[in-house]
Amino acid sequence: MVCMAYAFKILCLFLLFIAVASRPTVKPKVFNVRRHGSKPDGKTDNANAFTSIWSRACGRRSGSSKIYVPKGTFYLGGVEFVGPCKNPIEIVIDGTLLAPANPRDIKQDTWINFRYINDLSISGSGLLDGQGQQSWPLNDCHKNPNCPKLAMTMGFAFVNNSNIKDITSLNSKMGHFNFFSVHHFNITGVTITAPADSPNTDGIKMGSCSNIHISKTNIGTGDDCIAILSGTTNLDISNVKCGPGHGISVGSLGKNKDEKNVKDLTVRDIVFNGTSDGIRIKTWESSASKILVSNFVYENIQMIDVGNPINIDQKYCPHPPCEHEKKGESHVQIQDLKLKNIYGTSKNKVAVNLQCSKSFPCKNVELIDINLKHNGIKGGPSTAVCENVDGSVSGKMVPQHCLN
Ligand SMILES: *[C@@H]1O[C@H](CO)[C@@H](O)[C@H](O)[C@H]1NC(C)=O
Ligand SMILES: *[C@@H]1O[C@H](CO)[C@@H](O)[C@H](O)[C@H]1NC(C)=O
Ligand SMILES: *[C@@H]1O[C@H](CO)[C@@H](O)[C@H](O)[C@H]1NC(C)=O
């Protein structure tokens, strides 16, 4: 008996040893871009070097890969990183990636583009410098349909189970980060910066995405801090600072055919500082698609000198006259909206604007503890505007509500 127990113990130890020894190494293979032909001189185009490093890292059969960009300035023309990769892949950027100053030198819609990838992680203390200064004066898209195409800084399309952490994006030519058909993605600790007057420099823009988390992120830019477009669901935004910028915007929606519902949005613990708008939903008057915008919660939100703190605009027409204008009412149905503990100061007298569609009035809008004071040039307390909206109120209410 004793003997058998002893033998068993030895066997167990032996099996344990085998298990430990044959465990795949947890460390990824590191590709330092400096050791693979790239030059941090701020002039040499590293696009080819980067894409060839990507191909090798992404194509490795066993084990994960890590691409490392050390300190230094790496000039980079347009690059595309395309999967699928066989294993998880990590990119750590501690240096600066420098975009061409001349927008024509990026021959694609997005300066740095990721497509068809699972398990991608991007992090580091580094900088994406979009060098947008030369491009902004060329942006006349609001009046010229043939305006020059300017590139977004970084794009993700058909990417799942991935994340970005800590990096900084500066002075994009158009938007900073663009997401299309991305599912299960975390954005955290990111800093996004462009001047208040730089046109169309959205911070984070997404369409047809689900299960995205944005947290601990600082966005100051010339357009929307976050823009949420057709087909986005299960989006969670928390601990974000926004300003300057145009706020956290849903839409514009409804203009085009085949748009999809936008639902299940949570926006918590946000500071809007000096933005033109805070909480914003915009839908075109007369829409080609009939969609639902539903189940939104906005909670614990501070407004500091915000132009329009709460702004639902179902007559959106940024550059009138709009051809849609004549065709009728917005067909976007907004419902199940909760706004709780929204406080601070409004630059405009109208601090709460709920302008809903006549054909599809807003349903079940809940206002709880709203305290928005007017601090504009002209005196008088803040006010609220309601059109075609049905809902309920509770708790503190400044401005006085206009529901029912
Ligand atoms: C990504 O996720 C979406 C939604 O969950 C799924 O339809 C798609 O097949 C996934 N793509 C990949 C490459 O796994
Ligand atoms: C995103 O963050 C959540 C919560 O911290 C975590 O559970 C999840 O695994 C993360 N997903 C990715 C793809 O990083
Ligand atoms: C708001 O922005 C102003 C001007 O940039 C700045 O001075 C102030 O510290 C900011 N306030 C907060 C609470 O971030």
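**Exercise 1. Classify Lys-315 and its salt-bridge partner by exposure.**

Step 1. Lys-315 has a relative accessible area of 37%, so Lys-315 is partly exposed. The scale runs as follows: buried is under 20% relative accessible area, exposed is over 50%, and partly exposed is in between (1.4 Å probe, protein chains only).

Step 2. Find the partner. Lys-315 forms a salt bridge with Glu-387, and the closest N and O atoms are 3.7 Å apart. A salt bridge here is a side-chain nitrogen of Lys or Arg within 4 Å of a carboxyl oxygen of Asp or Glu.

Step 3. Place the pair in the chain. Glu-387 sits in strand β27 (residues 383–387) and Lys-315 in strand β23 (residues 308–316), so named because helices (H or I, at least four residues) and strands (E, at least two) are DSSP runs numbered from the N terminus. The two residues are 72 apart and link distant parts of the chain.

Step 4. Classify Glu-387. Its relative accessible area is 26%, so Glu-387 is partly exposed.

**Note on the model.** This is a predicted model, in which local features need pLDDT of at least 70 and side-chain atom pairs count only at pLDDT 80 or more, while totals for chains, interfaces and linings use all residues. Residues are numbered from 1 along each chain as its sequence is written, chains are lettered from A and ligands numbered from 1 in the order in which they are written, and side-chain values use heavy atoms, with hydrogens and water left out.

**Exercise 2. Work through the salt bridges of Lys-282 and Arg-280.**

Step 1. Start with the total. The rule gives 7 salt bridges.

Step 2. Take Lys-282. Its partner is Asp-224, with the closest N and O atoms 3.9 Å apart. Lys-282 lies in strand β21 (residues 277–284) and Asp-224 in the loop between β16 and β17 (226–228), so the pair ties together parts 58 residues apart in sequence.

Step 3. Check burial. Lys-282 is buried at 6% relative accessibility. Asp-224 is buried at 3%.

Step 4. Take Arg-280. It forms a salt bridge with Asp-277, the closest N and O atoms being 3.5 Å apart. Arg-280 is buried at 14% relative accessible area, and Asp-277 is buried at 4%.

**Exercise 3. Describe the interface between domain 1 and domain 2.**

Step 1. Set the bounds. Domain 1 is 34–134 + 149–223, and domain 2 is 229–317 + 328–403. These bounds come from an automatic or database domain assignment.

Step 2. Count the residues in contact (heavy atoms within 4.5 Å). Domain 1 gives 20 residues and domain 2 gives 18. The C-alpha centres of the two domains lie 31 Å apart.

Step 3. Find the area. About 1500 Å² is buried between the domains, and carbon and sulfur atoms give 47% of it. Buried area is the accessible area (1.4 Å probe) that two parts lose on being put together, summed over both.

Step 4. Count salt bridges. Between domain 1 and domain 2 there are 0.

Step 5. Locate the elements. On the side of domain 1 that touches domain 2, β15 (204–207) and β16 (210–220) each give two or more residues. β16 gives the most, with 11 residues.

**Exercise 4. Summarise the whole chain.**

Step 1. Count the elements. The protein chain has 2 helices and 28 strands.

Step 2. Give the extent. The C-alpha trace spans about 85 × 65 × 40 Å along its principal axes.

Step 3. Give the burial. Of the 404 residues, 49% count as buried.
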